[in-house]
Structure formats: C-alpha cells, structure tokens
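I opened my notebook to look up one strand and one helix. Here is what I wrote down.

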Amino acid sequence: MRYLSHTPKDIETMLQAVGVRDLDGLFSTIPDDCKRLDTLNIPELTEWELNDHMAGLAGQMVSSADYKMFAGAGSYQHYIPEVTRYLLSRSEFVTAYTPYQPEMSQGTLQGIFEYQTLVCRLLGMDVANASLYDGAMAVAEALLMAIRIGRRKNTVAVSSLVNPYYRKVVETYFAPTEFNIEWLPYREDGTTDLSGLGQIKDLAGVAVQSPNFFGCIEELAEAGKAIHDQDAIFITSFSEPLAYGLLKAPGDLDADIVCGEGQSLGIPQSFGGPGVGIFAAKQKYVRNLPGRLVGQTVDADGQRGFVLTLSTREQHIRREKATSNICSNQSLCAMAAGMYMAALGGTGFRELAALNHDKAEYLKSALQAAGLEIPFTSATFNEFVVKFPEGFDRQWQDLLQKKILAGIPMVCYYPELANHYLLCVTETRSKNDMDALVKEVQS
Amino acid sequence: MKELSEVNLPEDVRYTKDHEWARKKEETFQIGISDFAQDQLGDIVFVELPEVGDRFESGDEFGTVESVKAVSELFMPLGGEVVTINEALEDAPELVNNLPYTEGWMLEIKASDPAEYDQLMDRAAYLDMLKGLEE
Amino acid sequence: MIDSVGTRGLILNEPFLWERGGKGRTGYSLPRRDVPSVPLPDHLAGDGPDFPDLSEVEVVRHYTRLSTWNYGVDSGMYPLGSCTMKYNPKTNDRQASLTGFSGAHPLVPSELCQGALQLIYDLEHHLAHVAGLDAVSVQPSAGAQGELAGMLIFSAYHRDQGKPRSKILIPDTAHGTNPASAALCGYKAVPVETGPDGVLLPETVEALMDDDTAGIMVTNPNTLGLFETHIQAIADIIHAKDGLVYADGANMNAVMGVVDFGRAGVDVLHINLHKTFSTPHGGGGPGSGPVCVCKRLEPFLPVPRVVKTGESYALSEDFPKSIGKLHAFYGNFGIMVRAYSYMLSMGPKLKDVSQHAVLNANYIKEKLKDVYHLPFDVPCMHECVFTDKFLEAHKITTLDVAKRLIDYGFHPPTIYFPLVVHGAIMIEPTESESLENIDQFIATMRQIAQEAKENPSLLTEAPRNPKVRRMDETQAARKPCLRG
C-alpha cells in the first residue's frame, strides 16, 4: 500500500525491539469490551477505480463549467487566475502545520501577515486576524466580542438583511448563553431600519451587512452614527468583499468590527466550503480579538521575521477564558485570498469591482426595460432582487432545464417575498448571457 | 531563574501567599507583585488592571499578568476601592520585571479595613514560605 | 557522529508585497468589458484599496520564495504529538478540484447536486462505522467546532429532559479547546486529576459526578499517548446520573479498526479529518471536525442533514430538536472530498494505519527511554511523551532540544503539552514514516542528548540553519505589529 512503507521484515524488526509478538499485541492495554467485534467494512479502491468513482459523483453535479449561474447569496462565481491556483499548490504551504515553530514556517507567517495587511487596507481597519471559519461564524464571533467589550451589556441587535444562514449560525452560538438578540426590520428601500435602536436596553453591539442579502448597499455612515449614539459597537459584515473595490471602506465610516466571507477572493465555490472568515477591528480592541494573529518581530540576529503573537487570548493558554475556542482556522484559504489580491493588484481589484457592478446594472436595466419590477430602490453592487410575475417558479424550473440558474428564490428566507428572486452578475456573465436571460423571461 | 538568595525582598512592604505585596502609604495602600513572582513569570508582556472605582474584597481576583506563553491571575492582598492604576504599565509592562516594588507598582486602593494589612506576611515570613516551596 | 538531514542551502530573501510592484502593473487578465460604465452614487463611492500592483512574474517569485522558507510533511518528518502529521495523498487534491465539485454552487436544487449529497451521506456513514457510533454530521469546520457541537448537543439533551445542567468534568490533560468549547455553552469546567499511572480513575470521577454535571469530556487515547483503560467504568458512573460522555477523537489515528467507541460507552465523539483522515494542514487550516453520536442523540445533530430516499439524496431541516446551524452552508466540503477519497483508498487498511502508527511510537519510546526521561513506562498508543528531567542537570530545556532538531532537518515534536508533564516532549511519528527515517530520527535525538551534556551551546544557540534564528516573542507581544 503506497502510503504505508513497512515491509514484513521492517515490522518484525520493530516488534522485536518493542518486545511484542505481533501487531495485535500492541493493543494489550485496551480492554476487550472496548474493542471492535467486526472488521472495517469500507470499500478499498485502486487509484484508477477511485478516479472513476469520483468522476461518476462529480458527473452528477451541475457546476459553473456547464450552467450559466446568475446566483450569489453568499457563494460567488469569480474567475480564479491559474497563477494563484498554481502557487497555492506548493506543498510547503499545503502540507505545513500551524506555524508554532516560526523558524520553519516563515513562508506561511509572512504570507498571512500580508493577508492581514491587505484585509486591513481593503476594509479600512487597523488590525485583522489570520482568519475564522466562514462569514457566518465571523459574525457570531463579532457579536460575542461586542458583548465582551460591553462588559455588563447583554443584548445585541442584528439586521434581518444579514445573510439568513449567518443569522441562523448566530442563533446557534447565542442559544446556550444568557445574551439576547434583537432582529432589526428592513425599510421599503431595501436597507435596514435602525430607528428602533434607542428602545433596546443594554445594547452591546449592532451588526448590519453591506451589501446586504438583498444586494443593497447600506447607508453605513448614518448607521454608524445611530449605533455609536447608543454607545454600542458598530459591526459591519459582508458576503462579497469585492464590493470594497468600489465602495467606501467601512473603517473609514467608523466601523468598530468588520467581518464576513472571503470566498470571492480566489477560492473556489466548492459547494459552500472551505471559504474564509475575514475579521478586522479597531486597534483599541486588539486584545479582545478571537483567532490567531501573526506579528512582526526580529530574530536573535536582528533580522526581520514573523511569529504568532498575543497568544494569551487563545484557548491553548487561556482555556475557558479564551476569546474564542478556535484553534485550526482557514489558513490556506487566507493564503489564497492574499495571492488573489496580489495578482489583481489595487488597480485590477478596482477594475474588476467596477465590471461586476456595471454588468449587474446592465442586467437590472434590461429587466426593467422588459417590464419586470425591481422592488428595492437602493443602490446595489453585483446582486439585486427582481419581483417576477405570479407563477414564475414554473419558468425558473424550465430555465434550469436550459442550463440557466435564474437567481435564488427569496420566499424561503422572507415569506413576505413570494415571487422575488435574488440575481447575481459577476465578471463571468457576458452581455450575451444576460441578453439571453432577458429574452427568456420576457416571453 | 534567580536563586532565593538573589530575590529582592524589601522590608517596607508586606506579602501574600500568591506573591503580591502591599505598601502602606498615607491615605492609601499600593499593590504590586514580588520579585520572586516576576522572575518566575519571565518577560511580562501585558498587565490587565481594573478600572478606577472598582471595589474588591481581600483575596478577589483583580487582574491578570501575562508573559508570552502564560497568564497568571492577580489577587487582592486586602479589600478596598481602586483609586489609581499605573498607566505606565500599558506601554512599558517590563517595569514590573525591572522594578517590581517601585515603578512597577500596579494599583493604589483606599482600604475598606486597613487592619487587613497586618494579617499579611512580613519579609521573614514570606522568605520562609518561599524556602518551603523550594523543597 | 551521524549525518544530518538538515543542511545549509541557498534560499532567497523576499520583501513584502507592497515593497514590490509599480502602479499599473498587473498579474491578472481582466475579463472583457462588454457593458457601459455606470457610476455609483457619490456618497457611497470609495477610492478602492491601497494594494500594490504587481506583474505575474513578481507574484510568482514572491510566493515561490516564501514557500522555500517553509517546511511541510512533504519536506520531512513532522512528529507533532496529537497533530497526526501524516502524508497527504495527492490524488485527494485531484478529486477535490474536479469541476463538478469545485465549481458547485451550494444552493442549487438537490436534483442538480446529487454527487455532493451522496458523498456527504456516504462519508458520514463510513465515519460512523469507523467510530462505532450511529449518526454523524460533517458540518463543523474544525475539531474545536465539533467540540462546540458536542457541548451544544449535551445542553440540548438535558434541556429536553427538563433538567439543564451547569458543570462538565474535564481531565487535567485536556487540550485547551475542551474547556473553551464548554465555556461557550455556559458550562463550568470542573478539573479531573489524572491518576498516577497516566489514566483517569473511576473513583476520581465518581467523587465529582452529580446531578448538576452534564457529563465528561475525555480524550481517548489521551494526550499522554495512553488508552484510558477505565473508560467503560467511567462511562457507567456518568450514565448512572443521566450524564453524557464526550470523546475528543483527536488521537483516533491510534485505534481505527481496533476500538469501538460505542461499546466503550461514548455518546458523542468528534473526529479531525485534517489529522486522522489525511487532509492537508495548510499551515493552520482549513480542517473539518465531524461530530458522531449514539442513536438517542441523533435528533440533536446540526441541520441541514443529508437524507436518502430510495436512490435519491436531499437536504432536510426537519429535525425540530437540532442544535441548529454552525456553518453558512454544509461545512468544509472540499476537505470532505479529500477525506472521503482517503477512506476509499485505504478501505479496511485503516486498521493497518493504526497498527503502524502505534508500532512506530512504541519503537521510538523503547529506543529513547534511556536518554530521555519517560514518565510512564507502559505501552503507549500512537504517541509517546518524555519529560525534561534528564536535561535539567545540564541547564537545557525542552525548547532547546526542539530548536536543535530543526538544524538536523526534523520538525520538532509537540512541546510543553500536556501541562501535567514537566517540559513535555510529545512524539507522534504517524504511520507514514519508514523504518530508516525513524532510525534517523532516533539517532538524531540521541545525538542531541549527547550534545546537551558535552556541548550545550549547540542547543541553546539553535537553530542556525533556517532562514531565521529564535524570534523575539516578547517584543512581538509587548509591541504588536500586526500589519504593514
């Protein structure tokens, strides 16, 4: 077996040195009533059989390779340059452990330090961590951090336009605690209604998402002011970080914590995971941050180098008083995001963001011209909601047969929004794709 | 790590079993950690202190002191209300390592029961305790 | 004197990304613009991020150079205790990159993603089988999140019984994620002292277990590399008061095909796919931490779950007692593909994996116990733990030994964990190492023990071969510089 190198001779030599008769003898300390009564019943395939089996499973999937996807809702199709795919495959990055021995891991450490830096520059924040699991868990951790900072305050408010799956994860993390969540309603224009904030007692933090789940860009400057007026922590989140190639950085609008999903940054959609949870904050909150942090320092010769630092926040030292229980994060995905941002550059990132926005605007206008309703009037980035006529779900299924995914139905997340669909247009949709879609739904 | 004979143990403070010291001043008591404690901790990187106005009883945890790889709790030698904290420690936590009894002081309190000070160990008693730990 | 695996080598310096580049360079082929430009409202528009502009060549050289400063399992042996740094098969990466998987949107209707749903279903089924439990969810993104799921399940179970509990028993050898995960659920961690033989004793647990204790979190095999031999008696004590037994499966590489956790009395177990099931560590993640449960706890598993009807698979939220959702979608699917490929490549040979892993660890233990102090001279599982007792006389620390190993071309073992062992050196060779490599490792460790006596500055000044020497971690913590 190619992953096991011991020959029968090797095994005999080693058993002798250990003083045990056979391999089963190595497990003498295990009581019989803890042992398996059967042998393992899992198929064993050759490399060639495995290739066939997996091709068979992959063949039962529709992917962006064969369908025209007009869908986002937290998972985005973007072109991934071959150069980032190639660089990420270097086994020194892939097969390395967490950089606890910094002398042997300067590659990972500088790479993550650069990722932290680029994230800060993208979001206008002072400090970013080395990643969390995904956008959903990042929002949950941000709210828990707001509660830690707020000391005696026990309530958080979350916009109902934060991605519904992120909200479910927040509920799961908050369920065993004594803390309360207030859900904030939305306004007719598709942005969050913060007017009720003053009525909420003991408010530690407020989270909004921008662009939000409707694709609408929130008025973050106003939101920040309203939230800080209540002496609460201002948390902004996102599921599409590319938007910040065009939009004002939340840090420039006085956000205290900015968090979200970074899958758009050079990471394949991969049926929802792995992605990368991006998390950034103001400098004054650095000791409250969850997750690993890479810091710059010098070695014994005065040479620049990097280490994991401020580790006393983390579980392996602080244990039950840690800022989070997180240990492994999404490190390789953070490296990928760093490589993607490096390959695009500042100029490329901005141009790509503009392309996404402009293509989505093209489709939006074309659909409007075709007589369809765009219910929310706020500005959008690369996603927007369309209200289709009654019975559109039939046509939506037909379009799937024609290999077109015409958006994600909203009604399962917002029961009041029957016949509303969330459409997404990235740089991967051509004008022809969009014209074809408009033609289809027009009829 | 220092030998016991090298540990600095001034006469003008009293000590606790958790290695804090207290010094009686005119209106207040000053509090810090002993030379033995800072030596055991190694390079101190951060000291977490309470806020002015916070109240504690004797033996309550009032903060933590961190080295690179460890965190230790700090316990009140006597009860009272915090009147000042040493803000210099925020930018220079190494003061606790270098000058644990002077510039490395941590907080000053108004004692709720000044008699508690007399319950603390004097230099000789603390040194005996340290010798006992060695065995 | 032995030949060292580690040697000097020409590697190249490389500055920060932002110290390279020039405005207008690009490493990216911008897709064709076929629509008109539309400006954003002024008050929303920003200036874009201050990223450097780099050419493709600059990007490639940058990261290629950075990679040469790293050491991975593909470079050499990585005997990190409790991390299971086994070889990461390349065919696994190939399967994960098949476009049907990598290009899949998670919200397409289930008829259009049967391949992924089947993979998740089968993987969960195989993991349950290996564990000896009844149901699995692969949704947790890492071991720590699997532990959180387990604690949430405990909490949900007792609330469902109408009797919430506030405490949980955690051994003093536990990994830090255990009490941290318990605390997230509002449990107070009650420490359980390990017995003198390195395993938990039933009487210790009995003295602590009461009606307000939700149960116990055990790691088995434990972090001393020993099988918790009294697990069944302990489980009985816990169950007698309607408590639950959680097993941290981080060390499962020692017991696949050997131990049945269900028979051992375990109710909830998490597995680390990035340890036992060969998915790459990636410099710190992504991992995956499936949670396995016995039948009566199945209703509490995270949703959505993959259900099979006839020959079709679908996602279902119809589990009213579920603890809820932990991940925006279904977990780290790309990691699941790799673990699944590994399981199918090994089949029943997963048992050989455990046998070889345990053989390798015992062999190292026997060959080093005369030069490093062994606190428990008993058969170990897949890892063995030494203390720094023999080093103290020469004023050498565990850290010095670890740093010297780097010069010799080995990644150091896990050090200073578990906390109950002084100056712990935890060695887990895994099954991936050949006998020659293990003998080389042993010879190197013996040489270092000799150097500690005869020439200690070789250790205290180590490492000298890598790109950097020992880092000033005090400065990094006192004056954190976390970005450029």
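Two strands pair if DSSP finds at least two bridges between them. Helices (H or I, at least four residues) and strands (E, at least two) are DSSP runs, numbered from the N terminus. I noted that this is a predicted model, where local features need pLDDT of at least 70, side-chain atom pairs count only at pLDDT 80 or more, and totals for chains, interfaces and linings use all residues. Residues are numbered from 1 along each chain as its sequence is written, chains are lettered from A and ligands numbered from 1 in the order written, and side-chain values use heavy atoms, without hydrogens and water.

**Entry: strand β6(A)**

I looked up the neighbours of β6 (residues 233–238) of chain A. β7 (residues 257–261) of chain A runs parallel to β6(A), and four bridges join them. Here A:Ser237 stands opposite A:Cys259. β5 (residues 203–209) of chain A also pairs with β6(A) in the parallel sense, over five bridges. There A:Gln209 stands opposite A:Ser237.

Next I checked burial (buried is under 20% relative accessible area, exposed over 50%, partly exposed in between; 1.4 Å probe, protein chains only). Six of the six residues of β6(A) are buried, so the strand is largely enclosed by the rest of the structure. A:Ile233, A:Ile235 and A:Ser237 point one way, and A:Phe234, A:Thr236 and A:Phe238 the other.

**Entry: helix α12(A)**

I looked up which residues of α12 (residues 431–442) of chain A are buried. They are A:Asp433, A:Met434, A:Leu437, A:Val438 and A:Val441. The face turned away from the buried side carries exposed A:Asn432, A:Lys439 and A:Gln442.

Definitions and conventions: Expected span 1.5 Å × (residues − 1).
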